[in-house]
Amino acid sequence: MSADLSPLGRIGVLLIATRGADGPGEVLVRIRGGSETYLAYSDDPLPKGATVLVVHTRGSRSVEVTAWSDPFEST
């Protein structure tokens with residue numbers, strides 16, 4: 001998979017919460033000039049609406065994610 005087509009390293013938003021070891025959720029990622037959904041796996045449960053970083057791909061439509069906070073966004 002070419003780097004510019006890969007979701008790896010991109011930021012997304014969970015549409016369906018992840019359940020950690022109990023199962024995946026679904027993440028919406030902006031990619032290829034649009035938005036695409038992927039099955040999202042995480043080590044720990046993450047809530048719907050959480051901003052996440054794609055840290056690994058598991059084939060063409062599944063990714064591993066982790067919680068993400070933008071370090072440049074003021075709080």
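Is Tyr41 buried, partly exposed or exposed? Tyr41 is partly exposed, because its relative accessible area is 23%, and buried would mean under 20%. This is a predicted model, and the legends below take you through it view by view.

**Figure 1. The whole protein is built from strands alone, with zero helices and seven strands.** Reading from the N terminus on, the elements follow the order β-β-β-β-β-β-β. The C-alpha trace spans about 35 × 30 × 15 Å along its principal axes. For a chain of 75 residues, a compact globule would have a radius of gyration near 11 Å, and the 12 Å found for the protein agrees with that. Buried residues account for 31% of the 75 residues. The accessible surface adds up to about 4,800 Å², and carbon and sulfur atoms hold 52% of that area. Among contacts with a separation of 6 or more, 40% join residues 24 or more positions apart.

**Figure 2. A close-up of the largest pocket shows about 180 Å³ of space.** Here is some background for this view. Rolling a probe the size of a water molecule over the atoms shows where empty space is left. The lining includes Gly20, Tyr41, Ser42, Asp43, Asp44 and Leu46. Also in the lining are Val55, Arg58, Glu64, Val65, Thr66 and Ala67. Strand β7, residues 62-67, gives the largest share of this lining, with four residues. Sorted by class, the lining holds five nonpolar, three polar and four charged residues.

**Figure 3. Tyr41 sits in strand β4, which covers residues 34-41.** This residue also belongs to the lining of the largest pocket. Leaving aside neighbours within four places in sequence, Tyr41 is in contact with Pro24, Arg58, Ser62, Val63, Glu64 and Val65. Of these partners, Arg58, Glu64 and Val65 are themselves lining residues of the pocket. Pro24 is 17 residues away from Tyr41 along the chain, yet their C-alpha atoms are separated by 4.6 Å.

**Figure 4. Ser62 is a buried residue of strand β7.** Its relative accessible area is 12%, and the cut-off for buried is under 20%. Which residues does Ser62 touch, not counting those up to four places away in sequence? They are Tyr38, Leu39, Tyr41 and Thr57. Tyr38, Leu39 and Tyr41 fall within the range of strand β4, residues 34-41. If you have just come from the previous view, the contact between Tyr41 and Ser62 is a handy link between the two.

**Figure 5. Asp43 is an exposed residue in the loop between β4 and β5.** Strand β5 covers residues 45-46. The relative accessibility of Asp43 is 72%, and exposed means over 50%. Asp43 helps to line the largest pocket. Once neighbours within four places in sequence are set aside, Asp43 is in contact with Gly20 and Ala21. Gly20 is another of the lining residues. Asp43 and Val65 are 22 residues apart in sequence, with a C-alpha to C-alpha distance of 8.3 Å.

**Figure 6. Ala17 lies in the loop between β1 and β2.** The flanking strands are β1 at residues 11-16 and β2 at 18-19. Ala17 is partly exposed, with a relative accessible area of 28%. Not counting residues up to four places away in sequence, Ala17 touches Pro24, Gly25, Leu46, Pro47 and Lys48. Leu46 is 29 residues from Ala17 in sequence, and the two C-alpha atoms are 5.6 Å apart in space. Pro24 is worth a second look, as Tyr41 is in contact with Pro24 too.

**Figure 7. Arg32 has a positive phi, near 55°, although the residue is not glycine.** For context, most residues other than glycine have a negative phi. Arg32 is found in the loop between β3, residues 25-31, and β4. With 43% relative accessibility, Arg32 counts as partly exposed.

Note on methods: Residues are numbered from 1 along each chain as its sequence is written. This is a predicted model: local features need pLDDT of at least 70, side-chain atom pairs count only at pLDDT 80 or more; totals for chains, interfaces and linings use all residues. Side-chain values use heavy atoms; hydrogens and water are left out. On a 1 Å grid over the protein atoms alone, a cavity is a set of points where a 1.4 Å probe fits but cannot get out, and a pocket is an open set with protein on both sides within 12 Å along at least five of seven lines; lining residues have an atom within 4 Å of a point. Grid points are joined across faces, edges and corners, and a volume is the space filled by probe spheres set on the points. Helices (H or I, at least four residues) and strands (E, at least two) are DSSP runs, numbered from the N terminus. Ala, Val, Leu, Ile, Met, Phe, Trp, Tyr, Cys and Pro count as nonpolar, Asp, Glu, Lys and Arg as charged, and the others, Gly among them, as polar. Buried means under 20% relative accessible area, exposed over 50%, partly exposed in between (1.4 Å probe, protein chains only). Contact means heavy atoms within 4.5 Å. The radius of gyration is taken over C-alpha atoms; the globule rule is 2.2 Å times the number of residues to the power 0.38. Accessible areas come from the Shrake-Rupley method with a 1.4 Å probe; for residues, only the protein chains shown count as cover.
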